[in-house]
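Trainee: I'm new to this one and would like a close look at a single part. Could you walk me through one of its sheets?

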Amino acid sequence: MALKASPTWVCPRTPCSDLGSSALWSRNSGSTFNLRFDLEKSRKWECCCLAVLAQRAITSVEDEKPNVSGVEPSWGIERTQGNESSGFHKDLNLLPKPLSANDISSCSKDGSKVRVAYQGLPGAYSEAAALKAYPKCETVPCDQFEEAFKAVELWLVDKAVLPIENSVGGSIHRNYDLLLRHRLNIVGEVQLQVNHCLLGLPGVRKEEIKKVLSHPQALAQCDIMLSNLGVVRINTDDTAGAAQMVASTGLRDTGAVASARAAEIYGLDVLAEKIQDDDDNITRFLVLAREHIIPGTDRPYKTSIVFTLEEGAGVLFKALAVFALRDINLTKIESRPQKQRPLRVVDDSNEGSAKYFDYMFYIDFEASMAEPRAQYALEHLQEFARFLRVLGCYPMDTVL
């Protein structure tokens, strides 16, 4: 039996019964805007959880007067047959078994009892980010980003660490889309300095390299160095995979752009270090889990949401203004076309119809969902939003 991994959409104007582990935003029969968190149960799973939480958080807000009252749990697990995950580097039967209750009681803060999924092979930058978040964790490589999401949902691992944007290459759109397709919560982030190296077989000189393998973004980030060498560039799925291919083929004229750790793992020499065009090359990774973090007001928090908007002039401006009016700082805005409703008809005249893309908007802002101003802002946002979902809320001082 496998947990069903279906999209989790929240429509503020329509009842929604299938919300996974995300926060639910809805209006009741009156004018009250609600947010409910299952505080009592969620605190028990601070390190890792034993079930896919389907908690719907509600904290009453009425007439701009917060009323934090009792907590009401809401649990739900959906199961379906025949939904097996594929694409892991390791055979699923060889993966460690999910943690038991005894394991959880001894889970240490350094992650020594935590299994973390990442995309790529050992030596990938994503693995380095996972080890930065949990220094003593067991890392589990996955072929694709979606396999890492599934690994958490199917209890094969406890967390996933996946890239969301790079200071040079920009946003990783695939992972933005997957955040909506899967029922995971953002519980932290990791910022990793990327140091690209040119790797080759032992004893090979840099001048002997004629072909270089790596991920397309890594190759693009080392354009100056590779152009000066005059090499042929060959795309691979990830940087560590490129290093593995060089080691396995044994071709002396073939090199790879990857990390120094990948060179150590696959027995290659580092022919040149820091070959990226921009020294300040930083990738931001998200830490994803089945459970959410209960927000507080004792320290700064970051909250991530996604929403779609109703039609109307200036509606995006009005949506963003709800944060400015409450002095909430926005740290990230990303838009993605809606796949289920990609085009919006804005002219139904007999002369023809004008069509524009309809978008989903991802926003990160610096405020905790336990703060009244954040609750007011999302209540206000509901006046313009067709869908609204909270993807995560986590302390900013845990950003590594």
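Which residue in β15 does Leu 213 stand opposite?

Mentor: Keep in mind that this is a predicted model. The residue you're after is Ala 256: Leu 213 stands opposite it in β15. That pair sits where two strands meet, since β13 covers residues 211-214 and β15 covers residues 254-258, and three bridges join them. The two strands run parallel.

Now let's step back to the whole sheet. Five strands make it up, and going across you meet β14, β13, β15, β12 and β16 in that order. It's an open sheet, and the pairing is mixed. At the edges stand β14 (232-235) and β16 (269-272); each has a single partner strand, so one side of each is left without a neighbour in the sheet. The strands aren't lined up flat, either: ignoring direction, neighbours in this sheet are turned by 35° against each other on average.

Next, look for the helix that goes with it. Helix α8, residues 239-249, packs on the sheet and touches β12 (197-200), β13 and β15. So how is α8 set against β15? Its direction makes about 155° with that of β15.

To recap your starting point, Leu 213 and Ala 256 face each other, on two parallel strands that α8 touches along with β12.

Conventions: Residues numbered from 1 in each chain as written. Predicted model: local features only at pLDDT ≥ 70, side-chain atom pairs only at ≥ 80, totals over all residues. Heavy atoms only, no water. Pairing = 2+ DSSP bridges. Helix = DSSP H or I, 4+ residues; strand = E, 2+ residues; numbered from the N terminus. Axes fitted to C-alpha atoms, helices over the stretch in contact; angles between N-to-C directions. Contact = heavy atoms within 4.5 Å.
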